[in-house]
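Please look through the structure below slowly, with the sequence beside it, and follow the contacts from one residue outward to the helices.

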Amino acid sequence: IERALEMSPKNDLLWMVRLNLVGQMEEDAKELLDRWLERNPDSPGALELLVDYHRTQGEAALAEFYADRALAINPHLQISSVVKIQAELAQDPALALARVDGQLATLTDPQVRRAMQGWAGIALDALGRPAEAALRWREMLQAVITGVLPPPQSIPADQAPAGEITGTLVW
């Protein structure tokens with residue numbers, strides 16, 4: 001993989017494959033992400049992963065810095081968008097709402113649209129507009145998500161059909 005990366009340093013798919021090996025090779029993921037970004041500074045994949053890395057490390061300013069860079073290249077990156085929305089909610093909920101509504105105007109994925117409706121509700125609530133927030137949350141909850149199975153119906157144990165259960169319960 002290293003040889004392939006030398007030959008094709010802008011191939012994000014190769015970098016993702018290499019990143020998947022980091023844990024098995026007991027390497028530092030951050031060092032590989034930095035190397036990826038050095039070789040391909042405009043890689044939305046590397047930038048998005050750096051946003052997530054810094055977010056999980058509690059480094060909000062760095063996460064937001066990389067989110068700005070990533071969104072300048074691709075304004076529809078999920079993690080970067082959420083990082084910016086969260087930061088804007090704390091400083092300027094109207095700006096967060098404008099970002100969310102801008103995304104909603106072009107989004108087609110129902111699951112992503114549903115999540116953005118939730119963020120819109122939070123922004124509207126922060127702006128002191130609870131009725132509008134409730135409408136957005138209602139829209140979010142009414143959105144039909146296909147391809148997701150509902151949870152099985154629960155019943156009390158004494159009403160369950162008799163018989164053996166095959167499989168292993170992992171707790």
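Once its neighbours within four places in sequence are set aside, Tyr66 is in contact with Leu37, Leu47, Leu50, Val51 and His54, in what is, we should say at once, a predicted model. Tyr66 also belongs to the largest nonpolar core, a set of 20 residues in which Leu19, Trp36, Leu37 and Tyr66 are those with the most contacts inside the core. The elements that each give two or more residues to this core are α2 (12-20), α3 (29-39), α4 and α5 (60-73), and of these α5 gives the most, with five residues. Apart from this core there is a second, separate one of 15 residues, which includes Val82, Val100, Leu104 and Trp119.

We can now turn to how two of the helices pack. In general, two packed helices are described by the angle between their axes and by the distance between those axes. Helix α4, residues 44-56, packs with helix α6, residues 78-91, at an angle of about 45°, and their axes lie 8 Å apart. An angle that is neither roughly parallel, roughly antiparallel nor roughly perpendicular counts as oblique, and α4 and α6 are therefore oblique to each other. The crossing in which α4 passes α6 is left-handed.

Which residues meet where α4 and α6 come into contact? From α4 come Glu48, Val51, Asp52 and Arg55, and they meet Gln78, Ile79, Ser80 and Val83 of α6. Sorted by kind, the residues of this contact of α4 with α6 comprise three nonpolar, two polar and three charged. Val51, one of the α4 residues in this contact, is also among the residues in contact with Tyr66.

Key:
Residues numbered from 1 in each chain as written. Predicted model: local features only at pLDDT ≥ 70, side-chain atom pairs only at ≥ 80, totals over all residues. Heavy atoms only, no water. Axes fitted to C-alpha atoms, helices over the stretch in contact; angles between N-to-C directions. Helix = DSSP H or I, 4+ residues; strand = E, 2+ residues; numbered from the N terminus. Parallel < 35°, antiparallel > 145°, perpendicular 65-115°, else oblique. Left-handed = near helix turned anticlockwise from the far one by under 90°. Contact = heavy atoms within 4.5 Å. Nonpolar A, V, L, I, M, F, W, Y, C, P; charged D, E, K, R; others polar. Core = buried A, V, L, I, M, F, W, Y, C linked by side-chain atoms within 4.5 Å. Buried < 20%, exposed > 50% of the residue type's maximum accessible area, 1.4 Å probe, protein only.
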